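The exercises below go through burial, ring contacts and cysteines, each with a task sentence and a stepwise solution. Please work through each task on the displayed structure before you read its solution.

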Amino acid sequence: MAALSGFLGTNSGFGFAEDAKALAHFESKIRPVLVEHCLECHSIESGKAKGGLRLDDREAVLRGGDSGPALAPGKPEESLLLAAIRHSDPDLEMPPRKDRLSESTLKDFEQWITTGAADPRESANGKDGRTGDDFESRKQHWSFLPVVASRIPEPKRRDWAYNEIDRFILAKLEENGLEPSPDADPVVFLRRLSFDLTGLPPSSVIGNQPSVIAQSTTRKTDHRLPITETIDALLASPAYGQRWARHWLDVVRFAESNGKEANLIYPHAWRYRDYVIDTFDRDLPYDRFLTEQLAGDLLPAENDAERARFLIATGFLAMGPKSLAEQNPAQFAADVADEQIDALSRAFLATSLACARCHDHKSDPVTMTDYYALAGIFKSTDTRYGTWVDSENNRGGKLIRLPDLPGQLIPNLSITKKEVADLHAKLAQLEADEKAGREKGEKAKAEGRDLQLDFNEMLREALRILWTRGPVVGKLATVDENGIALPLAMGVLEAPSKVDSPRYERGELAHPAEIVPRAVPALFGLASEGAVPPDTSGRLDLARWIADPDHPLTARVMVNRVWTHLFGAGLVETVDDFGRSGSAPSHPELLDYLATRFVEEGWSVKALIRAIVSSRTYQQASTWREEAFLKDPDNRLLWRHSKRRLDAESIRDAMLAASGELDWSPRAGSLVAELEVQSAAMIPFNPKIPGDLDGSPHRSVYLPVMRDQLPDVLRQFDFAEPSLVTGKRDSTNVPPQALYLMNSDFVLAQATAVAKRVMEAREDARIDEVYRRCLDRAPDEEERKLVDEFLKAPLPEGADAAKESEKRWRDVSQALLASADFRMID
């Protein structure tokens, strides 16, 4: 932690995960802007330091110039740098007014400063830009070396381990003078297992009959729980696929709108969501899963259904946020490719290849040549995201036409043949208007008239044509010539022409250097690395490299992601950063053992989960022990199981399960696909849309996920930022969450439904019933006494006894749904 904290501003108090996010934000959002707009006048390399200010290393920025320190980390309003780039002080304007930074870039800088101004740049004095490291030596970093088949240790204690995982954990505990914790209470453990595997309480998934619970929680004579059948039942449940798909959707920055300055909806993104759910449900081998997402359009398909699935899988590459307001098509294409490179490398490899866009990577063995070899691959790819040109959007995009399949859901609406003809007529009229405008301009020019006089009128007409044409073209793209709605999806295809990208100095299109042939980066000496065939984009070759069983990162990264979801922290704590700025693994031999086993067992995620949850390590109690805490306060050695708060989806789904209102069926399509507008900004003004963007009894994985417009429950309980790769969410406990649990219409509705069902039970069984529904356990004696006293308290004068009883049961139900016992898993 000490080494990494040196990269941060003086106010940083982050942990590893937050450090990695902050550094990633600097590398992707801040450093490129400094390079492009600032260092020409404020760096050692340029020989200039206008106003005494240099911006080429962390110390220089904090020191500032003639006007004082440029940054106050954590305090954007006190930072002169932010004031200068905002042009809020006429004496401090940079860059010059003509090159003023965009609003989105200003927000990036504000976020950077607010979160501590992370900056990994060492002093530029005497440095050559590579921080003194040889690139070959960087490849000796632990995560870039081959996975090693680890020898399973033999701990001194022979009676504790259930499987090989336990032997690794126990050996490390013994090495540090620690003992594992006792086994968790069986009922507590069953709740943990059910939420981890399905995101739902056990009574919802395996049944609420006492005999079923007892069968799963009665220990055998060797102290083991008979959980094999329970684990298999949970993994076979549709709820498992929905739960673990949501984890993956965090990683791949799934969203149903673009975000940024033009937040237009992606009405077909839900198909990718359903593809991921189906993938985890079927336990598709992970290497195949990655290949389909990167190059599904290039794989041979046995039938139309498989062809459709492969095309939908490539939606991963299409759903990232885009600068739709960008007017330069070359800049737009470069930025789309950059986002794709960043997303795939962070999601699949937990490293950022995109950090080499403007300069060789500052810490990992990735050069600008590697980056632009990849950029050529994605510039040779046709990205189809499906928005039309309008007042917000300068960069319209097509969609992929899917094969026709029986029973296929097509949410976009059909129209009549007459409406099709009318749209074509409108399009023809717009083209005629455009031609007339050109002829008018040419005539004025030939007559020597001052075109400036007609400019405003010509501009208004051009924009009218452009913004009217967009929706017409967009609608015609969703129907055939008879007006029948077409099955469509986001995704990618091979571009008609294949191109190699120049290497751009400082990442600027105005400064191209040599052409870099398309290639898979030669980082690890694998046979799958190197040049790609000239007649292809190279995406399939890239997919084969990432899915190569000898790749040192792919299996390790996925194993660590799974471990993180089951224990609350990864073997590598920086889940999305396996590079040299990330943390080292707490149990490197165990990580390699699991990675090796993962590949040998056919890249089966279910088999990996089954092995981990069957371990005694996973089944430990979460009881705090002082002597262990003093030696290992962060529980990196796993002397106990860490308590965790349920995530947003599990809180909501568990409430629906407790109330009996949960609809187990998959939601068809998405709320976003049913909207009649393209701009997400218009949704709050739509009376048909619930104010909290909820109102659905289906599982939370089916809630709409629009960037900058999330449903209330997701926003309050630390939902992953859908513009970023997120392997581990934040987990906070803040006052707005309590207010939501007290006042939300959704929570009140579920509490009312719980109370209604509880009152259907025998009167003497109701307290047990409300605890079973809400907490999956019986109340203890003190709890029973408190609830009984509350229910039997004297009625207010003139109160209706029946209505007051209903209200009290609703209050009890809401109190339990809002309790820490409900929100936490032990």
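**Exercise 1. Identify which residues of helix H14 are buried.**

Step 1: Apply the criterion, by which buried means under 20% relative accessible area, exposed over 50%, and partly exposed in between, with a 1.4 Å probe and protein chains only. Step 2: Take the helix limits from DSSP runs, where helices are H or I runs of at least four residues and strands are E runs of at least two, numbered from the N terminus. Step 3: The buried residues of H14 are then Tyr286, Phe289, Leu290, Thr291, Glu292, Gln293, Leu294 and Ala295. Step 4: Because eight of the ten residues of H14 (residues 286-295) are buried, the helix is largely enclosed by the rest of the structure.

The model is predicted, so that local features need pLDDT of at least 70 and side-chain atom pairs count only at pLDDT 80 or more, whereas totals for chains, interfaces and linings use all residues. Residues are numbered from 1 along each chain as its sequence is written, and side-chain values use heavy atoms, with hydrogens and water left out.

**Exercise 2. Classify the ring pair of Phe189 and Tyr618, and place both residues in the chain.**

Step 1: Rings of Phe, Tyr and Trp (its six-membered ring) pair if their centres lie within 6.5 Å, and planes under 30 degrees apart count as stacked, over 60 as edge-to-face and the rest as tilted. Step 2: Among the 27 aromatic pairs in the structure, Trp142 and Phe578 form one that is tilted, with 5.4 Å centre to centre and 45° between the planes. Step 3: The rings of Phe189 and Tyr618 have centres 5.8 Å apart and planes at 75°, so this pair is edge-to-face. Step 4: Phe189 belongs to helix H8 (residues 186-198), while Tyr618 lies in the loop between helix H23 (605-613) and helix H24 (626-631), 429 residues apart. Step 5: Phe189 is buried at 1% relative accessible area, and Tyr618 is buried at 0%.

**Exercise 3. Find which arginine lies over the face of Tyr618.**

Step 1: A charge sits over a ring if NZ of Lys or CZ of Arg is within 6 Å of the ring centre and within 35 degrees of the ring normal. Step 2: Arg192 lies over the face of Tyr618, at 5.8 Å from the ring centre.

**Exercise 4. Determine how many disulfides the structure holds.**

Step 1: A disulfide is a pair of cysteine sulfur atoms within 2.5 Å. Step 2: The structure holds zero disulfides. Step 3: For Cys358, the nearest cysteine sulfur, that of Cys355, is 9.4 Å away.
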